[in-house]
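Q: I'd like a close look at a single part of this protein, please: pick one pocket and walk me around it. Then set it against the rest of the chain, so I know what sort of fold I'm dealing with.

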Amino acid sequence: MAAPDTGLARLFNPRSVALVGATDRSTWSKMAFDNLKLLGFEGKVHLVNRSGGVVHGQQSFKTAVDIGESVDVALLMVPNPAMEDALRDLGAAGIRHAVVLAGGFAETGSEGRTMQERMVATARELGITLLGPNCLGFINFTTGAVCWTGAMRTPPLKGGISIVSQSGAVATVMKHFAHQHGVGMNVVAATGNEAMLGLAECVDYLVDDESTKVIAVFAETVRDTRLFRAAAERALAKAKPIVVLKVGRSDIATQAAQSHTGSLVGDDSVFDGVCRQLGLVRVRSIEELVFTAALLEKTGVLAEGGVAVLSSSGGMGELAADYAQLETLRLPALSNETLSALREILPPMATPANPLDLTGAVVNDPALFTRCMDAMQRDPAVSVLVCVADVPTANNNDWAPFAVGTLQAIGQFKPDGRARYLVVSNAVKAVSDKSREEVEKAQIPYLACGLDIALRALRYAADWSRMSRSAGGERAARALPGAASTAGADLPQSERETVDYLKRFGVPVVPQVLATDAKQAVAAARDMNGPVVLKIASPDIAHKTEVGGVVLNLQGDDAVEAAFRRIMDAAASAMPKARLDGVIVSPMRKGGIELFTGVRVDAQWGPVIALGLGGVWIEALQDVSLRLLPVTPADVEQMVSELRGAKLLQGFRGAPPVDVAKLADAVARIGDAALALGATLDTLEVNPLLADGARIEALDALATYNH
């Protein structure tokens, strides 16, 4: 059995292509053939039709074997019943990559899934790597190589953005939208049912593809999460952005995705955490996907700092300020030096500020843009300049001469290498041949996305740049402190055992003493020199409050002794078969902020840690941040900053501020402890984790397992 060729360079950069099932009667076949001509593919194109003859004006072969020379990739446009024979013909011809157009496989149910499994088995036997089925194929705009059965816009626009989409129709919409707005593409790949090659494999390839500067993804699911995670980490280290539009925020979308390609969408909140952790830019729409990718292609990694906006309209400046605030994008106040420089440049009626209104004076003096941009780029608080200006779409625009003069003036700006600059349209607009001509003449980085989307995309870019600048810092695997894996050892079952287990990993825990009788409980309480809490100790009782197994704020021997007896009696009455080890005595903690930390094993992504404020915050408002394990303290500090209730940790209403560094270290150690519990772990919960100034303590903990 030949091994499939897993190197994708030859698939996406073929020197020769065979269209199998080519026929003049098929619109799919005609489009695939025409697309190769339209993109100017310089390699050989072979047509295979079992009847032979002339197809699309070219002599065809009856079989792939008859071609008689090496072929890099075949586009299979044959019906499902003919798929087996077509694959065996490719195998005999030595063709190692194929794109499968046909649907009717796993997306249709069990019968189709069986058919798909048979097709994959045959392909593996023959050493053929498949893209699809249920797949429109791929386009390489840079080389002209294309196995794509959809329509193509003209003229083709080349660029550094590569698209990977699990929907061929969405890929078509994305590339058409990009073309309409003057955004060039490199590779576009639709993965379909992902019987062999999937989203993760394509992204992994594009991370190392030198022609790809930004990767744009439309995803319904991520099947190979391990490879996807590794590819995302490599992309971040290479400063190559990955922009993702993923469905699954709603139950309806989840169901629709499953019926579309047989995808299991997964937990959307987990994927949100994955994006934040791996530096993936998650967007909400096709428009955001295309324009954010285009912006990142132009800016790359942004320096630390804020955004300065320049326009010839006070109203657009006001909108810029509102848009920026909505996106929490910083428009910094300009330094005194910058303000002084601007006063020397601007007409008397203009006010130096950020956003900057150049006023109508710019109509007669477009170079105001150039001079003000030069002054503002010197401000240490500014890392991006945004010039709001439209590009003409036709020669008969009344304002075209002014617009062209403005663009040429902006094009004279000389960046100092630290600050980036962009020219964005006032509102979303199409880019015509005339528009492209003017942009090329002026040599400006132009986006026709409108100011609103531009500032949203800049916020995404700023967040990604922050991650990219810090990539490779504290990303090394954490050593497990003070304990090795528990594989083969007894797993902690009860609360007391779990708290003791966490303590071995350096997690700060509340003192606890197991009392098997009332005398021991009284003695333990005396040693704690203050109010205490008594809780039932039983491996069979997870929810202690519900059985009367918790009594708070006890003081004095009599109160402790009575509480001990009451707890034991209540637990025995509520759960007669439960094993009762005694009662746990701990000091009563008052004040501070109660947090929740939990680890669960996600079916797709593996162990995931959650951090949130306890009580109403996590139950009613679902205020929680998620990450894949392992996490570093730096990861946890970022998680804390994402909580809507994070201000409570900063010394709210006179309370002492929480030592976030100590909190982050404790949570990271809880994650380490969870990983060490091994493959049988289901959940590990620490609830509450008390944060009171510099004191961080796990007050309660419990682990559950899949047996």
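**A pocket and its surroundings**

A: Start with the contacts: among those between residues at least 6 apart in sequence, 72% join residues at least 24 apart. Keep in mind that this is a predicted model. The chain has 707 residues, 54% of which count as buried, and it holds 23 helices and 29 strands. Its C-alpha trace spans about 100 × 80 × 40 Å along the principal axes.

Now the part you asked for. Let's take the second largest pocket, with about 800 Å³ of space. It's lined by 26 residues, and Lys535, Thr545, Asn687, Pro688 and Asp700 sit closest to its centre. By type, the lining splits into twelve nonpolar, seven polar and seven charged residues.

Strands do a good deal of the lining work here. S21 (532-537), S22 (550-554), S23 (582-587), S27 (681-692) and S29 (701-705) each put at least two residues into the wall. S27 gives the largest share, five residues. Going by the numbering, Asn687 and Pro688, both among the residues closest to the centre, fall within the range of S27. Lys535, another of that group, falls within S21.

What about packing? One nonpolar core has 42 residues, including Val507, Ala646, Leu677 and Ala701. Ala701 carries the number at which S29 begins, and S29 is one of the strands that line the pocket.

The largest nonpolar core, set apart from that one, has 113 residues, and Leu19, Val203 and Leu458 make the most contacts inside it. Helix H17 (residues 450-470) gives the most to this core, nine residues. Leaving out residues up to four places away in sequence, Val203 touches Val164, Ile215, Val217, Phe228, Ala231 and Ile242.

Val164 leads us to its sequence neighbour, Ser165, in strand S10 (residues 158-165). Ser165 has a relative accessible area of 0%, so it counts as buried. A polar atom of its side chain lies 2.6 Å from the backbone oxygen of Ser167. Beyond four places along the sequence, Ser165 touches Val170, Ala171, Met174, Ala189, Ala190, Thr191, Gly192 and Phe218.

Definitions and conventions: Residues are numbered from 1 along each chain as its sequence is written. This is a predicted model: local features need pLDDT of at least 70, side-chain atom pairs count only at pLDDT 80 or more; totals for chains, interfaces and linings use all residues. Side-chain values use heavy atoms; hydrogens and water are left out. Helices (H or I, at least four residues) and strands (E, at least two) are DSSP runs, numbered from the N terminus. Buried means under 20% relative accessible area, exposed over 50%, partly exposed in between (1.4 Å probe, protein chains only). A polar contact is a pair of N or O atoms within 3.5 Å; within protein, one must be able to donate a hydrogen and the other to accept it, and residues adjacent in sequence count only if both atoms are side-chain atoms. Contact means heavy atoms within 4.5 Å. On a 1 Å grid over the protein atoms alone, a cavity is a set of points where a 1.4 Å probe fits but cannot get out, and a pocket is an open set with protein on both sides within 12 Å along at least five of seven lines; lining residues have an atom within 4 Å of a point. Grid points are joined across faces, edges and corners, and a volume is the space filled by probe spheres set on the points. Ala, Val, Leu, Ile, Met, Phe, Trp, Tyr, Cys and Pro count as nonpolar, Asp, Glu, Lys and Arg as charged, and the others, Gly among them, as polar. A nonpolar core is a set of buried Ala, Val, Leu, Ile, Met, Phe, Trp, Tyr and Cys residues joined through side-chain atoms within 4.5 Å.
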